[in-house]
Amino acid sequence: FRWFLTGPGAVVPPPVCLSTASQDGDDWNLDLFSKADGDLDEGIEELLFSDNVLVGHNTAFDLAVACVRDESLFTPVFEKFLKGQIKDTQIREQLLDLAEHGEIGMQTLPSGKARKITYSLARLTLHYLGVDISEGKEQADAWRLNYDALEDTPVEDWPEEAVDYAVMDSVYAVRVYEAQEIRRASVAGQVECDPLGVEDFRTMANFCLLIMTPTWTCLSS
């Protein structure tokens, strides 16, 4: 999803658009659903009422955005959790680090010193794919921070940069997931167990903790 900015009274803001990306061999199938085009709910239902595995980054927040829009979606969301059909590249990376290094949020440099790290999609995209997307996420005029300006604008009239940012976030999440699967096999060989054996539970627990917050209760009451 791309959404209005979070803030007081908008901890889980309403969405502006939803992008999806899936691979068919070497080809990518890309879709962008928007509030202005009136197909946003169709896109959400297409994802949640299917047997497809959903891959995202910080999926707890995205799913909360969907459920704030329509609380009846809690049922299909939890059904997908129970089927193991929701994967979160952020949670996966934390579990891989925990299994391989015994800690989360720190990285040991070749010098032996430790430094703090984040689990942003930008860092994982740079680490696994060698692609730097930080500029499009951090600058004040980045589309990431300004999709509310497109709330009433059909996608066909969006600036190319706005379309590309929304769609490529989905593409990068899938590609990072694939790279993590390679690392998963490597780490499993080192620790002699599956480092992501509890990822489905941890991903669902992360969502549950978010919707249990007082701010959620206030928003959805």
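Me: In helix α3 (residues 74–82), what makes F74, P76, V77, K80 and F81 count as buried?

Reply: The word has a cut-off: a residue is buried if its relative accessible area is under 20%, exposed if over 50% and partly exposed in between, with a 1.4 Å probe and protein chains only. In α3, those five residues count as buried. Bear in mind that this is a predicted model, where local features need pLDDT of at least 70, side-chain atom pairs need 80 or more, and totals for chains, interfaces and linings use all residues. Residues are numbered from 1 along each chain as its sequence is written, and side-chain values use heavy atoms, with hydrogens and water left out.

Me: What follows α3, and how many helices and strands are there in the chain?

Reply: Just after α3 comes G84, with a positive phi of about 70°. The chain has nine helices and seven strands, both being DSSP runs numbered from the N terminus (helices H or I with at least four residues, strands E with at least two). Of its 221 residues, 43% count as buried.

Me: Why is R123 called buried or exposed?

Reply: R123, in helix α5, has a relative accessible area of 19%, so it falls on the buried side of the cut-off. Leaving aside neighbours within four places in sequence, R123 is in contact (heavy atoms within 4.5 Å) with E93, D97, I117 and T118. The C-alpha atoms of R123 and I133, ten residues apart along the chain, are separated by 8.4 Å.

Me: And T125, what makes it buried or exposed?

Reply: T125 also belongs to α5 (residues 121–129). Its relative accessible area is 0%, so T125 is buried. Beyond four places in sequence, T125 touches G130, V131, I133, Y172 and V176.

Me: How do you know whether helices α4 and α7 are roughly parallel or oblique?

Reply: Helix α4 (residues 89–101) and helix α7 (residues 160–191) pack at about 20°, with axes 10 Å apart. Axes are lines fitted to C-alpha atoms, for helices over the stretch in contact, and angles run from 0 to 180 degrees between N-to-C directions. Angles under 35 degrees count as roughly parallel, over 145 as roughly antiparallel, 65 to 115 as roughly perpendicular and the rest as oblique. α4 and α7 are therefore roughly parallel. Among the residues in this contact are T89, R92 and L96 of α4 and V176, Q180 and R184 of α7.

Me: Why is Q180 of α7 called buried or exposed, and what lies 2.9 Å from its side chain?

Reply: Q180 has 0% relative accessibility, so it counts as buried. A polar atom of its side chain lies 2.9 Å from the backbone oxygen of T89. Q180 also touches R92, E93, L96, L124 and Y128.

Me: What makes the packing of α4 with α8 parallel or oblique?

Reply: The axes of α4 and helix α8 (residues 199–211) come within 10 Å and cross at roughly 125°. That angle falls in none of the named ranges, so α4 and α8 are oblique to each other. At this contact, I91, R92 and L95 in α4 meet E199, R202, T203 and N206 in α8.

Me: Which hand does each crossing of α4 have?

Reply: α4 passes α7 in a left-handed crossing and α8 in a right-handed one. Left-handed means that the near helix is turned anticlockwise from the far one by less than a right angle, and right-handed clockwise.

Conventions. Polar contact = N/O pair within 3.5 Å; in protein donor to acceptor, adjacent residues only side chain to side chain.
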